[in-house]
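User: I should like to go through the secondary structure of this protein with you. Please explain each answer briefly.

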Amino acid sequence: MKVSGIHVRSIGLYHATQWMSPDEARAAGLCDDEFPEGDLKGVQIAPGIPPVDMAVAAAREAIGRAGVAPAGIDLLVHAPCFWNGPEEWSPAGYLLRELGCPDGSGQVLDQGCNGMLAALEMAAGWLTLRGGDATALLTTATMVDGSPTIDRWRSAGYGIAIGDGAGAIVLGRRPGLAEISAVNSTTVPEMEQFHRGALPLIEPTPPLRPKVDVLARARENAALGAQNGLELQRLQIQAYQKAMARTLDDVGIGPEDLAKVLFAHVGGAQTDAIVMQQLGLPLAKSTWDHGRSIGHVGASDHVYDLEHLITSGELSEGDRLLLVCGTAGFHITSLVLTVGDLSPYERYQRDT
């Protein structure tokens with residue numbers, strides 16, 4: 001789907017205050033040898049900080065950078081990753097109140113680590129229909145420190161550790177960091193059970209929140225005999241290929257025209273096999289090397305990468321970026337950003 005006139009005006013982040021390496025985690029008995037040598041360096045940790053408060057901090061930074069009054073936010077889309085607050089409660093309402101946005105529409109989008117890219121697609125459509133000088137704020141947050149259901153070092157699968165943090169994007173029609181050139185999504189329903197395993201679809205009595213273990217659920221799914229693992233892998237890679245190719249075709253460019261590819265912060269082998277090999281690009285063209293120093297921060301990964309590319313001076317006006325992600329469902333979103341004038345954003349440089 002080709003997009004025109006919808007811009008990423010600014011971004012904001014929550015930077016956790018603590019960090020832990022796999023070696024430190026192993027010494028503390030938190031993990032074994034799930035992380036290949038030379039891959040993950042460590043994860044950022046924010047103990048005791050509610051995820052929605054991290055999202056508030058990231059949103060305040062994004063709003064301030066965009067020069068937008070909180071009252072000027074017309075739409076808020078919050079994409080929670082893991083637990084973001086009590087059941088039957090609205091994190092969107094909390095965010096709008098804390099930010100001082102009196103009239104914005106608040107929505108919650110449950111797409112896991114694909115949440116921010118899905119929110120970008122949803123908000124781009126909303127802004128196109130709304131017209132005028134409307135502004136959307138997109139937020140997401142992940143915090144698993146001390147979680148009874150999420151194991152930072154094991155829950156997400158081999159070679160993936162979950163970091164704590166939050167990201168925010170201000171989207172609108174006024175030029176900013178980049179313009180959305182195209183966005184596409186797809187779902188592979190045949191893979192739905194991969195992340196469910198043998199878990200029941202009726203709420204158990206007494207209430208139960210089982211530990212999240214992606215590999216265990218995959219093994220349960222395989223034991224049921226309904227799907228072949230190699231076939232699921234083929235379907236996944238094929239879906240990524242189609243989504244990325246469709247988005248590049250919409251813009252009229254090829255993989256060789258991309259400055260960088262932003263993917264979820266998973267292992268280097270996964271990034272290479274799932275995305276980079278399908279594009280015919282080397283791993284060095286991805287942001288994997290940056291992501292392996294902060295961990296998989298849910299749907300915030302692409303926002304962390306975007307700020308890193310800006311502050312490191314790796315981007316120039318006109319550069320094309322491909323952002324792609326996938327999550328349970330199996331939902332995949334890919335979009336191309338065309339970098340705008342970055343000169344007003346020298347203040348993105350941090351002292352830390």
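User: Which residue follows H4, and what is the sign of its phi?

Analyst: In this predicted model, the residue after H4 is Gly131. Its phi lies near 70 degrees, and the sign is therefore positive.

User: What distance separates the end C-alpha atoms of helix H4, and why does it agree with the expected span?

Analyst: Helix H4 covers residues 115–130, which gives 16 residues. At 1.5 Å a residue the helix should span 22 Å. The computed distance agrees with this, because the end C-alpha atoms are 22 Å apart.

User: Which residue follows H2, and how far does H2 reach from its first C-alpha to its last?

Analyst: H2 is followed by Gly67, with a positive phi near 70 degrees. For the 16 residues of H2, 22 Å is expected at 1.5 Å a residue. The reach from first to last C-alpha is close to that, at 23 Å.

User: Which strands does helix H2 touch as it packs on the sheet?

Analyst: Helix H2 comprises residues 51–66, and its direction makes about 135 degrees with that of E1. Its buried residues include Val52, Ala55 and Ile63, and their cover includes helix H3 and helix H9. The strands touched by H2 are E1, E4, E6 and E7.

User: Which strands are the edge strands of the open sheet?

Analyst: Nine strands form the sheet with mixed pairing, in the order E5-E4-E6-E7-E1-E8-E11-E10-E9. An edge strand here pairs on one side only. The edge strands are E5 and E9.

User: In E11, what is the bridge partner of Thr327?

Analyst: Strands E10 and E11 pair in the antiparallel sense over eight bridges. In E11, the partner of Thr327 is His331.

Terms used: Residues are numbered from 1 along each chain as its sequence is written. This is a predicted model: local features need pLDDT of at least 70, side-chain atom pairs count only at pLDDT 80 or more; totals for chains, interfaces and linings use all residues. Side-chain values use heavy atoms; hydrogens and water are left out. Two strands pair if DSSP finds at least two bridges between them. Helices (H or I, at least four residues) and strands (E, at least two) are DSSP runs, numbered from the N terminus. Contact means heavy atoms within 4.5 Å. Axes are lines fitted to C-alpha atoms, for helices over the stretch in contact, and angles run from 0 to 180 degrees between N-to-C directions. The expected span of a helix is 1.5 Å times one less than its number of residues. Buried means under 20% relative accessible area, exposed over 50%, partly exposed in between (1.4 Å probe, protein chains only).
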